[in-house]
Amino acid sequence: MTDTAIEIRTQITRLRALADGTGLKGEYADALQDGADRLRDKLGKVADRYEAVAVKVSAWAEAVEDAQHQTVAAYRAATAAHDLITPLDALPEADLTPTQKSDLDHARASLIRAQAAFDGAVGDYETDARRLSGAIEDLLDDSLEDSCWSWTSNLLERNAAWINEALEIIGWIATVVAIAAVLIACAPTAPAWLALAASWAIAGAEAATYGTALIHTALAATGNGTWADVGLDIVAILTLRMGKAAEQGVTAGVDATRVASRQAAKDAVSAARAEQSGARQEIARELRNRSISKPRRQFLEGQLKRMNARARAAAKYPSQHEPEVSAADVFNAGGSRESAVSRKINAHELAKHADNPAVQEVTRRVEGHAVRNQQAFVVGSTADLADKSLGSSGIFERKPSVTSYDDAKNSFRFQTSWLDPDIAPPINAGAKT
């Protein structure tokens, strides 16, 4: 095992030279250097294990050799005693001479001592065997064992190429679905079934975003992906959640706007009638006079009707119909037709009651949600399109890309000890025996 460890150390030295890039040129130089560096680290752990286990095995070999010497000596002593005891036991005890009796007693005592020595040697060996085997098991209980994470890590490493390609395909599909959903929302006459299909497709794209983030994290943790992709996934998830929360705030705020607008309208009716109360009372008193002429009565009744009409006009109750929105309105609302409609209703009610503080406050909150939805939409879309336009592609080989952008993303390609148990301190070869 020591010779094996020495040979592994020799190969590690060669891999170190390869990882340093000595004499490497060409398209695959970076990949070779990265692979050599990772293999060097793993072989280093293997060499540490071989060296540490070799110490324990050597100690075990010494224990076996000692046990062999002791048991062989005991066996020889027992054989000699047995050879002496056998013929003497065949004779009647009365026929034995004093010398023979003495030899027989000594032989029997020697046989007992040999048996005790044999049992002691075996017992010592078994004790040493249990101690040393336990020490070896402790050495083998390290990051090189085939744990669940190690199995997963090796599986990801072997399949990293096609997994990354599959994730890229899913990412492109999600982007196309998002763009199609915005275009459908911008279309004023899109059929209901198409809008429903778009909503289901968006839900699927959202689920794919979460799954992609988990797989990117696993790939990055094992050194088969870059943490930059994980960061982009986090940006996508955060903007997605922020956008949905803001959109819900916009649509829910319209109800509050309508409530405030209706109350403002009622207040306007009350104020208009209060302003007309004196004139109404005067007209009412004059109409109660039966002696007024018919033309005068008709004039007063017409004046009263005009006052009622002005009071009703002051109401301006909020309309419940859905206003028309343009493609620009939908885009500015973060790609959501519902948010665009809500914003337009909100602006319409504010225009009717611009002087009412309650309406102003509610519409201000709604507009704040709308701005956050738009910001989330712009940030998420910009990050996604920038990554797809600047980065290289595993499925579109001729796609133009920016090398510095890829280099920046790959600078975040590293394993993490808190996720990957394969990154651990070397085994202490000098552990006590």
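Helices in this report are DSSP runs of H or I with at least four residues, numbered from the N terminus. The model described here is predicted.

## Overall architecture

The protein contains 11 helices and 0 strands. Its order along the sequence is accordingly written α-α-α-α-α-α-α-α-α-α-α. Of its 433 residues, 32% count as buried. The accessible surface amounts to about 26,200 Å², and carbon and sulfur atoms account for 60% of that area. When contacts between residues at least 6 apart in sequence are considered, 73% of them join residues at least 24 apart.

## Helix H5 and its surroundings

Helix H5 spans residues 192-221, and Gly211 is found in this helix. With a relative accessible area of 28%, Gly211 is partly exposed, since that class lies between the limits of under 20% for buried and over 50% for exposed. The C-alpha atoms of Gly211 and Leu167 are 9.5 Å apart in space, although the two residues are 44 positions apart in sequence.

Glu206 also lies in helix H5. In contrast to the partly exposed Gly211, Glu206 counts as buried, at 16% relative accessibility. Once its neighbours within four places in sequence are set aside, Glu206 is in contact with Leu240 and Lys244.

## Helix H10

Helix H10 covers residues 357-390. This helix has 34 residues and extends 48 Å from its first C-alpha to its last, close to the 50 Å expected at 1.5 Å a residue. Its buried residues include the nonpolar Val359, Val362, Val366 and Phe377, together with Thr363, Asn373, Asp387 and Lys388.

## Salt bridges

The model has 7 salt bridges in total. Three of them are set out below, with the distance between nitrogen and oxygen.

| Pair | N to O distance |
|---|---|
| Glu361 and Arg364 | 2.6 Å |
| Arg365 and Glu361 | 3.4 Å |
| Asp387 and Lys409 | 3.0 Å |

Glu361 takes part in a salt bridge with Arg364 and in another with Arg365. Glu361 and Arg364 are 3 residues apart in helix H10, so about one helical turn separates them. Arg365 and Glu361 are 4 residues apart in helix H10, and their separation is likewise about one helical turn. Glu361 is partly exposed, with a relative accessible area of 36%, and Arg365 is partly exposed at 45%.

The salt bridge between Asp387 and Lys409 has its closest N and O atoms 3.0 Å apart. Because Asp387 lies in helix H10 and Lys409 in helix H11 (residues 403-410), this pair ties together parts that are 22 residues apart in sequence. Both partners count as buried: Asp387 has 17% relative accessibility, and Lys409 has 14%. Through salt bridges that share partners, Asp387 and Lys409 are joined with Asp229 into one network.

## Nonpolar cores

In soluble globular proteins, nonpolar side chains tend to be buried together. Which residues form the largest nonpolar core of this model? That core has 11 residues, namely Val182, Ala185, Cys186, Val254, Val325, Val330, Ala333, Ala340, Val341, Ile345 and Phe377. Helix H4 and helix H9 (337-352) each supply at least two residues of this core.

Phe377 belongs to this core and is one of the buried residues of helix H10. Apart from its neighbours within four places in sequence, Phe377 is in contact with Val182, Phe331 and Gly334. A second core, separate from the largest one, has 6 residues, among them Ala81, Ile85, Leu88 and Leu96.

## A nonpolar patch on the surface

Nonpolar side chains also appear at the surface: Ile179, Leu183 and Leu385 make a nonpolar patch of about 290 Å². Ile179 is found in helix H4, which runs over residues 148-186. The relative accessible area of Ile179 is 45%, so this residue is partly exposed. Helix H4 therefore supplies at least two residues to the largest core and also holds Ile179, a member of the surface patch.

Definitions and conventions:
Residues are numbered from 1 along each chain as its sequence is written. This is a predicted model: local features need pLDDT of at least 70, side-chain atom pairs count only at pLDDT 80 or more; totals for chains, interfaces and linings use all residues. Side-chain values use heavy atoms; hydrogens and water are left out. Patches are made of residues with over 30% relative accessible area and no salt bridge: like charges are joined within 9 Å, nonpolar side chains (Val, Leu, Ile, Met, Phe, Trp, Tyr) within 5 Å. Accessible areas come from the Shrake-Rupley method with a 1.4 Å probe; for residues, only the protein chains shown count as cover. A salt bridge is a side-chain nitrogen of Lys or Arg within 4 Å of a carboxyl oxygen of Asp or Glu. Buried means under 20% relative accessible area, exposed over 50%, partly exposed in between (1.4 Å probe, protein chains only). Contact means heavy atoms within 4.5 Å. The expected span of a helix is 1.5 Å times one less than its number of residues. A nonpolar core is a set of buried Ala, Val, Leu, Ile, Met, Phe, Trp, Tyr and Cys residues joined through side-chain atoms within 4.5 Å.
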